[in-house]
Amino acid sequence: MTIYTQTFLFVGMLFLGIGAYAWQRKEPMWFWSGTQVDPDTVSDIKAYNRANAAMWAVYSLPYWLGALLHRSHPQWAYRCITFATTIGVLLLIGCYLLIRRKYRKR
């Protein structure tokens, strides 16, 4: 197993771990480093955290796919990782903003 495959697996596990952590939290899960989400601003904390968990689990998929592809098709593995670290990050931010809007107390 190459260092690239190990790195892709580690990063995939890291993001999946963030999703698992979000799933079990009782307080609202945060997104930005150093910020907290006020529980009084979230209409359904459990559903909000589950949506966050799903978002992180889906974001881990390109890393898992990159690890699987690296041995036989390294160029496709690098494309998966490039997608995840460029367009994927923008999609992640957009998804989080949609989650915040959906579960915001009115």
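**Cysteines.** I began with the disulfides and found that the structure holds zero of them. For C80, which is in no disulfide, I looked up the nearest cysteine sulfur and found that of C95, 19 Å away. A disulfide would need the two sulfur atoms within 2.5 Å, so at 19 Å the sulfur of C95 does not qualify as a partner for C80. C95 is likewise in no disulfide, its nearest cysteine sulfur being that of C80. I then checked accessibility for both: C80 is buried, with a relative accessible area of 15%, whereas C95, at 31% relative accessibility, counts as partly exposed. I note here that the model is a predicted one, and that I read every entry on this page in that light.

**Overall fold.** I next went through the secondary structure and found four helices and zero strands in the chain, which gives the pattern α-α-α-α when read along the sequence. For the extent of the chain I took the C-alpha trace, which spans about 50 × 25 × 20 Å along its principal axes. Of the 106 residues in the chain, buried residues make up 33%.

**Aromatic rings.** How many aromatic pairs does the structure hold? I find 10. One of these pairs is formed by F31 and Y96, which I note as stacked, with 4.5 Å centre to centre and 15 degrees between the planes. The angle of 15 degrees is under the limit of 30 degrees for a stacked pair, and therefore the label holds. I placed F31 in the loop between α1 (3-24) and α2 (45-70) and Y96 in helix α4 (residues 87-102), so this pair ties together parts that are 65 residues apart in sequence. The C-alpha atoms of F31 and Y96 are separated by 7.5 Å. Both F31 and Y96 are buried; for F31 the relative accessibility is 14%, and F31 counts as buried because the limit is under 20%.

I also followed the ring pairs outward from F31 and Y96, and they link these two residues with F15, W56, Y59 and Y63 into a cluster. A separate entry concerns W76, over whose ring the charged end of R79 sits, 4.5 Å from the ring centre.

**Largest pocket.** I then turned to the largest pocket, in which about 170 Å³ of space lies. Which residues line it? I list M55, V58, Y59, P62, F83, A84, G88, L91, L92 and C95. Helices α2, α3 (74-85) and α4 each supply at least two residues of this lining. By class I count nine nonpolar residues, one polar residue and no charged residues in the lining. Two of the names recur from the entries above: Y59, which lines the pocket, is also part of the ring cluster, and C95, another lining residue, is the partly exposed cysteine.

**A54.** Last, I looked up A54, which is found in helix α2. Is A54 buried, partly exposed or exposed? At 40% relative accessibility, A54 counts as partly exposed, because the value falls between the limits of 20% and 50%. I also recorded the spacing between A54 and A20, which are 34 residues apart in sequence and 8.9 Å apart in space, C-alpha to C-alpha.

Note on methods. Residues are numbered from 1 along each chain as its sequence is written. This is a predicted model: local features need pLDDT of at least 70, side-chain atom pairs count only at pLDDT 80 or more; totals for chains, interfaces and linings use all residues. Side-chain values use heavy atoms; hydrogens and water are left out. Rings of Phe, Tyr and Trp (its six-membered ring) pair if their centres lie within 6.5 Å; planes under 30 degrees apart count as stacked, over 60 as edge-to-face and the rest as tilted. Buried means under 20% relative accessible area, exposed over 50%, partly exposed in between (1.4 Å probe, protein chains only). A charge sits over a ring if NZ of Lys or CZ of Arg is within 6 Å of the ring centre and within 35 degrees of the ring normal. On a 1 Å grid over the protein atoms alone, a cavity is a set of points where a 1.4 Å probe fits but cannot get out, and a pocket is an open set with protein on both sides within 12 Å along at least five of seven lines; lining residues have an atom within 4 Å of a point. Grid points are joined across faces, edges and corners, and a volume is the space filled by probe spheres set on the points. Ala, Val, Leu, Ile, Met, Phe, Trp, Tyr, Cys and Pro count as nonpolar, Asp, Glu, Lys and Arg as charged, and the others, Gly among them, as polar.
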